[in-house]
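Open your viewer and get ready to click along. We will select a few residues at a time and look at what is there.

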Amino acid sequence: MVISNDEILPERKLPAADVVLEDGILRSRRHDDIYFSVDDGLAEARHVFLQGTNFLSRLEPHAIHHVLETGFGTGLNFLATWDAFRRGAPEGARLRYAAIEGYPLDTNIMSSIHDAFPELRDLCDQLTILMPPRWRGPHHLFFEQGRVELILLYGQVNAIIGRHDIVADTIFLDGFSPSKNADMWGEEMLTTLGASLAPGGRLATFTAAGHVRRSLGLAGLQVARVQGYGRKRDMTIAHREGAAPTQLTKRRIAVIGGGIAGVSVARSLQRLGALPTIHELPGGLGQGASGNRAGNQLPRLALDDGPAHRFARSAFAFARRETYASGSELGANGLHLATSDQMDERFKALAAQHWPSNYLQLLAPAEASDLLGFAHDRMALLHSWAGSVDVKDWLLARSSGVEVTNDKPNKAQEHVFAVGAGLPAMLQIGEYLPLQLAAGQISLMRHRPQSRAFNMALSYGGYFTPSVDSLHVFGATFEHDRCLDDLQPRTDGHHHNLDLMPQGLRQFLGDPDPVQLAGRVSFRASTRDRMPAMGTLSPGRHVITGLGSRGLTYGPYLAYLLATRILSLPSFAELDVLEAVDWERFQKRDRKKGLIG
Ligand SMILES: Cc1cc2nc3c(=O)[nH]c(=O)nc-3n(C[C@H](O)[C@H](O)[C@H](O)COP(=O)(O)OP(=O)(O)OC[C@H]3O[C@@H](n4cnc5c(N)ncnc54)[C@H](O)[C@@H]3O)c2cc1C
Ligand SMILES: C[S@@+](CC[C@H](N)C(=O)[O-])C[C@H]1O[C@@H](n2cnc3c(N)ncnc32)[C@H](O)[C@@H]1O
């Protein structure tokens, strides 16, 4: 079997692996090297990486162990590590395994190559089902109720090391032979990578190349040459002196607010071993903006690939996986519909950037109309990873196992403020974290026979969802002058929501009568740069806010980043992305401009 990719791949796409699988041996044509030992890849992984770093004996009860691997390949090292972990980890231990990969393999190849290792079959099946789309950036996969997390960092190793928030207790270097793949073994990169090994941490690699050992030595590691596996005479191990930090995360944390943000923070804290409690007002989860019955998860469209867009893309991938895992998926696709000449041009410009086709794909009016089932006379962007969410189910499923209470939290306890538009009234921090509140009215209509099976998330300036409990949700108004207690839907709001619709959609729905529509009003909280915000306000007091109109898409990943910060764990996110969502960025910018002292 030969899988090749000879076209010149534009920068937005990750290059595909160019591999040949012959007689059970997987070879990269790009690097002219094999993925693992011809003798027995699993035995090699165990000898070089697991024994080479004393992996199992260094796990601590109730603590998190972080592994970093360069060259994820088929995932064999990950599976071998997970297998060792499930067999021998002490009680309460957790594994976070980050792996860098620049040329992700097709999952069919991964799966067939692992046929050689039947003892890993069940783990391999769990892995291949969850493999993420091949989009640059971090992808987080959770196994065993979050006790095992795989973080796939897709991109070139040189673009990742030194630019992401990485700390590891164990490092595996596995990037083809240094003589065949200089990119993976550059001296500067290795020294930076070695610097991310925590005190007491250990590193192993199959190579004994002199420059690799020297670079690791420059990173302050103690380096040794030991016996290699099989026909390889030598390999390298290294360690950093010092006592290993014990990352105990079993802390009680009060999360105030049970909307998308609060539930997502609690979920991430729980996965990382903490003990969160959600404190909501009487009435249950999702009383604020997160109480809309359905919502869309769509990517943010941007022509640049700056930190805001990279955050949005990672968050979108993260959020969609959370939705699949929670079983609250409504519909199977998402479409942005152009409604002006300007949008037609913008969509074409985006498509010309050659994004992966499952991220976005340009549809001509006729193609869009075919897919939609009604006439649309402009361009559209299809996002096959997008979709809609039954928000009520989503909140319930994602908070399962977390205590939810109406009691006020104990003042002495560690707090996360996740109160949406309630934040300015609760904390006087507007000077540092300026928030704008805007009311939004959605409209609800009973599905029509022709719309009952409609299964796409639509965005067109307004938005429309597939039906849930026989109701379509569409919206929304954007009102800055409404009082926080004015929650009564208005007929002019329904008019507005219908007027946002492209004509084809409105006709498809039988031109609904605004007077017959039901509705709901709630408030969004946005920051002045429209990016969300999270971080630590003061010791033991944390905040997550500013999700604006994108809580379902941004909330889960933002909450994950906050949870890692609260627990002092590496997030593996890009450093400039972390800055772009840090609540302190406004103060920093104002200080730079001399606006504050
Ligand atoms: C009309 C409209 C449509 C939207 N559609 C979409 C969409 O399709 N897709 C999308 O991604 N996003 C959408 N959004 C945005 C999304 O709904 C919000 O970003 C998200 O709900 C914000 O979540 P949150 O948890 O920060 O705030 P909220 O949902 O407002 O939650 C805050 C919670 O805190 C609780 N609380 C407040 N004070 C206290 C207190 N003192 N003690 C305890 N609890 C307290 C509240 O009861 C509430 O449940 C929409 C927003 C609006 C307004
Ligand atoms: C020897 S294989 C890794 C085998 C893997 N550890 C396993 O368990 O199957 C090396 C991997 O490094 C990846 N790689 C090579 N050069 C890279 C680079 N510059 N950046 C990121 N990944 C790279 C290759 O695509 C390949 O998957």
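In which strand does His66 lie? Select residues 64-70 and you have strand E5, the home of His66. Keep in mind as you look around that this is a predicted model.

**Stop 1: around His66**

Is His66 buried or exposed? Its relative accessibility is 1%, and buried means under 20%, so His66 counts as buried. Now show its neighbours, leaving aside residues up to four places away in sequence. You will find His66 touching Arg96, Gln247 and a run of Val167, Ala168, Asp169 and Thr170, along with Leu569, Pro570 and Phe572.

**Stop 2: two helices side by side**

Next, select residues 260-271 for helix H8 and residues 391-398 for helix H12. Two packed helices are described by the angle between their axes and the distance between the axes. Here the angle is about 30 degrees and the axes are 9 Å apart. Because angles under 35 degrees count as roughly parallel, H8 is roughly parallel to H12. The crossing of H8 past H12 is left-handed.

Which residues make the contact? Show Ile260, Val263, Ser264 and Arg267 on H8, then Trp394, Leu395 and Arg398 on H12. Colour the residues of this contact by type and you should get four nonpolar, one polar and two charged.

**Stop 3: aromatic rings**

How many aromatic pairs does the structure hold? There are 28 of them, and we will visit two.

Start with Phe49 and Phe172, whose ring centres are 5.1 Å apart. Their planes stand at 50 degrees, so this pair is tilted. Phe49 belongs to helix H1 (residues 41-51) and Phe172 to strand E9 (residues 168-173), so the pair ties together parts that are 123 residues apart in sequence. Phe49 is buried, with a relative accessible area of 4%, and Phe172 is buried too, at 0%.

Now move to Phe316 and Tyr359, an edge-to-face pair with 6.5 Å from centre to centre and 65 degrees between the planes. Phe316 sits in helix H9 (residues 307-326), while Tyr359 is in the loop between helix H10 (341-351) and strand E18 (361-363), so this pair links parts that are 43 residues apart in sequence. Both Phe316 and Tyr359 are buried.

**Last stop: a cluster of rings**

Go back to Phe49 and Phe172, and add Phe72, Phe78, Trp82, Tyr97 and Phe143 to your selection. Ring pairs link these residues into a cluster.

Definitions and conventions:
Residues numbered from 1 in each chain as written. Chains lettered and ligands numbered in written order. Predicted model: local features only at pLDDT ≥ 70, side-chain atom pairs only at ≥ 80, totals over all residues. Heavy atoms only, no water. Helix = DSSP H or I, 4+ residues; strand = E, 2+ residues; numbered from the N terminus. Buried < 20%, exposed > 50% of the residue type's maximum accessible area, 1.4 Å probe, protein only. Contact = heavy atoms within 4.5 Å. Axes fitted to C-alpha atoms, helices over the stretch in contact; angles between N-to-C directions. Parallel < 35°, antiparallel > 145°, perpendicular 65-115°, else oblique. Left-handed = near helix turned anticlockwise from the far one by under 90°. Nonpolar A, V, L, I, M, F, W, Y, C, P; charged D, E, K, R; others polar. Phe/Tyr/Trp six-rings, centres within 6.5 Å; stacked < 30°, edge-to-face > 60°.
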